[in-house]
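The following exercises concern a single protein model and are to be solved with its sequence and coordinates at hand. Each task is followed by a worked solution.

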Amino acid sequence: MDFVREPLVFEPFYKNYPWGGRRIAQAFCRRGTPEICAESWEIAARPDGDSVVKHGRFAGRGLAELAGEFGSGLTGTRAPDPRRFPLLFKLIDARECLSVQVHPDESGARLTGGEPKTELWVILYSIPGACLYAGLRDGCDPDHLQRALADGTSDRLLVRLDADPGQALFIPGGLVHAVGAGCLIYEVQQNSNTTYRLFDWNRTGPGGEKRTLHIEAGLRSID
């Protein structure tokens with residue numbers, strides 16, 4: 001079916017993960033954000049966050065529904081699945097460090113049952129001394145990593161990079177990574193929400209509980 005071409009403007013979909021802050025609301029003059037706003041999904045087509053068109057002919061309809069109805073007329077002829085929107089665009093406000101994590105690539109997803117996820121970050125803002133972690137240091141093998149995860153020192157095995165506004169960083173599936181505290185990031189990624197947390201900085205929730213880790217699946221996903 002042909003897609004009637006007109007600009008599509010979407011409502012953002014907010015996520016209130018515990019490491020988020022208030023910078024998205026402040027920097028982009030947003031109203032209606034949660035008190036802790038970790039992510040703003042600007043364009044997404046997922047069950048856990050489907051972008052809704054704000055106005056025009058398709059007002060009130062979700063992107064997932066439109067992709068399913070119009071196929072390549074909306075998503076283009078090179079989308080892997082023309083009836084599934086292939087990308088997810090988001091803003092990330094890391095008031096605290098994100099977990100040390102990994103997403104599977106295509107082969108890793110077949111091993112773990114997750115969805116492959118490759119992403120790219122553009123740094124919009126960072127506080128002095130902010131950093132990103134991407135990749136494991138030379139000489140790190142699975143045994144080193146498992147011991148470091150057990151004793152809470154895995155950050156020492158990660159490659160640390162300064163987070164300077166204007167820089168971009170490519171994070172392929174299979175690469176261990178983390179966003180440091182004090183970064184505002186624009187992320188473009190595959191349409192996936194598979195994240196395997198390896199270490200969460202011993203962080204606890206309001207009730208003292210720790211977030212679930214995914215050590216086995218994470219180790220199987222690392223390239």
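**Exercise 1. The largest pocket**

Task: Determine which residues lie nearest the centre of the largest pocket, and which strand gives the most to its lining.

Solution. The model is a predicted one.

Step 1. The lining of the largest pocket comprises 20 residues, and those nearest its centre are Y17, W19, E39, Q101 and T195. The space within this pocket amounts to about 310 Å³.

Step 2. Next, the lining is assigned to strands. At least two lining residues come from each of β7 (87-94), β9 and β13 (177-179). With three residues, β13 gives the most.

Step 3. E39 may then be placed in its surroundings. E39 belongs to strand β3, which covers residues 39-43. Its relative accessible area is 6%; because buried means under 20%, E39 is classed as buried. Y14 is 25 residues away from E39 in sequence, yet the two C-alpha atoms are 5.8 Å apart in space.

**Exercise 2. A salt-bridge network**

Task: Identify the salt-bridge partners of D200 and establish which residues are joined with D200 into one network.

Solution. Side chains of opposite charge can pair when their charged atoms come close. The criterion needed here is a side-chain nitrogen of Lys or Arg within 4 Å of a carboxyl oxygen of Asp or Glu. Applied to the model, this rule gives 14 salt bridges.

Step 1. D200 and R203 satisfy the criterion with an N to O distance of 2.6 Å. Both D200 and R203 are buried.

Step 2. R211 also forms a salt bridge with D200, and their closest N and O atoms are 3.2 Å apart. R211 and D200 both lie in the loop between β15 (196-199) and α6 (215-221), so this pair ties together parts that are 11 residues apart in sequence.

Step 3. The two ends of that pair are now compared by accessibility. R211 is partly exposed at 24%, whereas D200 is buried at 5%. Salt bridges with shared partners join R95, E96, D200, R203 and R211 into one network.

Step 4. Within this network, E96 and R95 meet in a salt bridge at 3.3 Å, N to O. E96 is partly exposed, with a relative accessibility of 27%, and R95 is likewise partly exposed, at 43%.

**Exercise 3. The faces of strand β12**

Task: State which residues of β12 form its covered face and which its uncovered one, and find the bridge partner of L120 in β12.

Solution. In a regular strand the side chains alternate between the two faces of the sheet.

Step 1. Strand β12 spans residues 168-171; L169 and I171 make up the covered face, while A168 and F170 make up the uncovered one.

Step 2. β12 pairs with β9 in the antiparallel sense, over four bridges. The bridge partner of L120 in β12 is F170, a residue of the uncovered face.

**Exercise 4. A nonpolar surface patch**

Task: Name the residues that make the nonpolar surface patch of about 320 Å², and locate I127 relative to the strands.

Solution.

Step 1. The patch is made by F28, L124, Y125 and I127.

Step 2. I127 is found in the loop that runs between β9 (119-126) and β10 (131-136).

Step 3. Patch residues must have over 30% relative accessible area. I127 has 34% and is therefore partly exposed.

Note on methods: Residues numbered from 1 in each chain as written. Predicted model: local features only at pLDDT ≥ 70, side-chain atom pairs only at ≥ 80, totals over all residues. Heavy atoms only, no water. Patch = residues over 30% accessible without salt bridge, like charges linked within 9 Å, V, L, I, M, F, W, Y side chains within 5 Å. Areas by Shrake-Rupley, 256 points an atom, 1.4 Å probe, with all protein chains shown as cover. Buried < 20%, exposed > 50% of the residue type's maximum accessible area, 1.4 Å probe, protein only. Pairing = 2+ DSSP bridges. 1 Å grid on protein atoms, 1.4 Å probe; cavity = no way out; pocket = protein on both sides within 12 Å on 5 of 7 lines; lining within 4 Å. Points joined across faces, edges and corners; volume = space filled by probe spheres on them.
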